[in-house]
Amino acid sequence: MKYTARQISTLDTLKFDNRFIRELPADPDSSNRLRQVHRACYSRVQPTPVTAPSLVVYAREVAELLNLDSAACQTDEFVQLFVGNRLLPGMDPYASCYGGHQFGNWAGQLGDGRAINLGEIINRKGERWTLQLKGAGPTPYARQADGLAVLRSSLREFLCSEAMYHLGVPTTRALSLLLTGEQVTRDMFYDGHPKDEPGAVVCRVAPSFTRFGSFQIFTWRNQIEQLRQLVDYTIRTDFPQLGAPSEKVYLQWFEEVCRRTAAMIVHWMRVGFVHGVMNTDNMSILGLTIDYGPYGWLEDYNPDWTPNTTDAQGGRYRFGNQPQIALWNLAQLANAIYPLIEQVEPLEEALQLYGDCYKQGWQEMMAQKLGLKKFDPATDLPLTAELAKVLRLVETDMTIFYRMLADVGADDHADGDSLFKPLLDAYYQPEELTEENKAQVIGWLRTYRQRIATDRLSTEQRRRQMNAVNPKYVLRNYLAQLAIDKSEAGDHSLVNELLEVMRHPYDEQPGNEEFAQKRPEWARHRAGCSMLSCSS
Ligand code: AMP
Ligand code: MG
């Protein structure tokens, strides 16, 4: 969308309307000392100034949401504001209080340890957007940590937020990535090898950053009045279509959260995204993907894979377990809001609704990925079950496989190896495929071809449908790492280039095919490519 020059705001015309802090209970203490914060949703806190900030990259689409043009994003003022060195009139920075279950255990108070909200903007469309700096210094919730973030993890968060948005996955957004000019010490794998890394700040943007854990903390503390305030506020602000808060509306709201969460997980499964740390403090009440840490993209299709080395043993947050974990997290949210509803049955029914929505969403999604008009359980449950086996015979790149599948013609009479040929590129080691494996893939392809023939779509129609949901370009783990390596050496060209490629993930992009390649061998065991930790 184009704005005329008159409509574009410069930075100092940004208008803030800080409803969260205006309507919700504040922590009366405004010092920046560590503490337990009772009966409050947030604590006021100032970002910590830094000495030599500089811009790495910004997202013009997110700037547009704030009615800012690109020129405004390339000024020194922009850098000073979004690193946390300067505030605009109307900004009133705060960190919010929340708790959470981490890896299945209740962890007590967590809160924004290194995220500082600057305020909320209402754009010209009347949308409300909260601006949040991540890595701009410690807050009362920083616990033992420094409140900072490093370039490595911040670049991953910036790029992935935007890549997910362009893939059509609900997500928080990222306006900017800045270097602080200061060094931050991190022991990446917590194994006694600390290293200095460049410090960075991302400005995240979302309608709200409220998490399941934001509600849990009040129930855990038996602060039911504050729980009610936050639920009422969330309904009025983020779910206004539900009407004025009441017991009935609380339930409708929880059902809506279940529906949105189901939809988000279906998208993750569609594109091969593994969040890596689905703790309840990392679950957005809006059903947005939030808190990009040790996430990863499935390369070879392996539902048991998680990029997070901290979770390697238990695999709680592995790809294939994400739908179950979301349900578990929703059950924790149901427990948290129970005091407002005091009936078990309707909450259980809503959790059932999550299951139903997920199942239906998954079937629709699989039908689209396979280019079917409609998912017919009679034929398509066995078809997809067999496909899951076929994808696991040997290392098979999920993204390339689905993209190439669109080239298997419904009406051509290819068989044997030539039927199989379009898919060859999806295999990491095609020579590993035994004759038996090949026969199994070919067998599946024959069934698939019969199935698509019944739909009578032209190959072209089907290809178009499939390519609109099966991305060609995803933020492969090694691509982000290459951009990190370059940026750490002072060259930010690749992060900018990747952002541009990820803007059109479903398009063929002549000249950019290198970004659609399978993971190269060097990246198989390299830190940052297949192994990540929570250190960030
Ligand atoms: P995460 O696992 O990244 O979702 O973080 C869990 C909690 O730790 C959140 O409350 C974060 O704010 C906090 N946290 C993580 N890293 C830092 C840090 N470097 N400084 C302060 N708080 C942090
Ligand atoms: Mg978090």
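**Figure 1. Surroundings of Phe82 in the predicted model.** Residues up to four places away in sequence are left out, and Phe82 then touches Leu11, Leu118, Leu131, Leu133, Leu175, Ser176, Leu178, Val201 and Cys203 (contact means heavy atoms within 4.5 Å). This is a predicted model in which local features need pLDDT of at least 70 and side-chain atom pairs count only at pLDDT 80 or more, while totals for chains, interfaces and linings use all residues; side-chain values use heavy atoms, with hydrogens and water left out. Residues are numbered from 1 along each chain as its sequence is written, and chains are lettered from A and ligands numbered from 1 in the order in which they are written.

**Figure 2. Helix H4 and what covers it.** Helix H4 spans residues 76–83, and 6 of its 8 residues are buried, so the helix is largely enclosed by the rest of the structure. Buried means under 20% relative accessible area, exposed over 50%, and partly exposed in between (1.4 Å probe, protein chains only); helices (H or I, at least four residues) and strands (E, at least two) are DSSP runs numbered from the N terminus. The buried residues of H4 are Phe78, Val79, Gln80, Leu81, Phe82 and Val83. Their cover includes strand E2 (54–58), helix H3 (70–73) and strands E6, E7, E8 and E9. Just after H4, Gly84 has a positive phi of about 100°.

**Figure 3. Strand E9 and its pairing partners, E7 and E8.** Of the 12 residues of E9 (residues 195–206), 10 are buried, which leaves the strand mostly covered. Strand E7 (residues 128–134) runs antiparallel to E9 and is joined to it by 5 bridges (two strands pair if DSSP finds at least two bridges between them). Within this pair, Leu131 stands opposite Val205 of E9. Strand E8 (residues 173–186) also pairs with E9 in the antiparallel sense, over 10 bridges. There, Gln183 has Pro198 in E9 as its bridge partner.

**Figure 4. The largest nonpolar core.** This core holds 167 residues (a nonpolar core is a set of buried Ala, Val, Leu, Ile, Met, Phe, Trp, Tyr and Cys residues joined through side-chain atoms within 4.5 Å). Phe82, Phe254, Trp297, Leu405, Trp444 and Leu475 have the most contacts inside it. Helix H8 (residues 247–271) gives the largest share of this core, 14 residues.

**Figure 5. Glu386 in helix H11.** Helix H11 covers residues 377–390 and includes Glu386. The relative accessibility of Glu386 is 25%, so the residue counts as partly exposed. Apart from neighbours within four places in sequence, Glu386 is in contact with Gln440 and Trp444. Lys421 is 35 residues from Glu386 along the chain, and the C-alpha atoms of the two are separated by 19 Å.

**Figure 6. The largest cavity and helix H7.** The whole structure has 3 cavities of 30 Å³ or more, and the largest contains about 130 Å³ of space. On a 1 Å grid over the protein atoms alone, a cavity is a set of points where a 1.4 Å probe fits but cannot get out, and a pocket is an open set with protein on both sides within 12 Å along at least five of seven lines; lining residues have an atom within 4 Å of a point. Grid points are joined across faces, edges and corners, and a volume is the space filled by probe spheres set on the points. The lining of the largest cavity has 18 residues, with Phe20, Tyr94, Ser208, Phe209 and Thr210 nearest its centre. Strand E3 (94–96), strand E6 (115–122), E7 and helix H7 (224–238) each supply at least two residues of this lining. Gln226 lies in H7 and counts as buried because its relative accessibility is 12%. Outside its neighbours within four places in sequence, Gln226 is in contact with Pro25, Arg39 and Phe218.

**Figure 7. The largest pocket and the E4–E5 hairpin.** The largest pocket contains about 980 Å³ of space. It is lined by 40 residues, and those closest to its centre are Gln102, Arg114, Arg143, Cys534 and Ser536. Helix H5 (151–167) and E9 each supply at least two lining residues, and H5 gives the largest share, 3 residues. Gln102 has Asn105 in E5 as its bridge partner. Strands E4 (residues 99–102) and E5 (residues 105–109) pair in the antiparallel sense over 3 bridges. They form a hairpin with 2 residues between them, and Phe103 in the turn has a positive phi of about 50°.

**Figure 8. The magnesium ion, ligand 2.** Its protein donors are Asn282 (OD1) and Asp291 (OD), which lie 2.0 to 2.2 Å from the ion. Donors are N, O and S atoms within 2.8 Å of the metal (3.2 Å for Na, K and Ca); water is not among the atoms, so sites may look incomplete. Asn282 and Asp291 are both buried.
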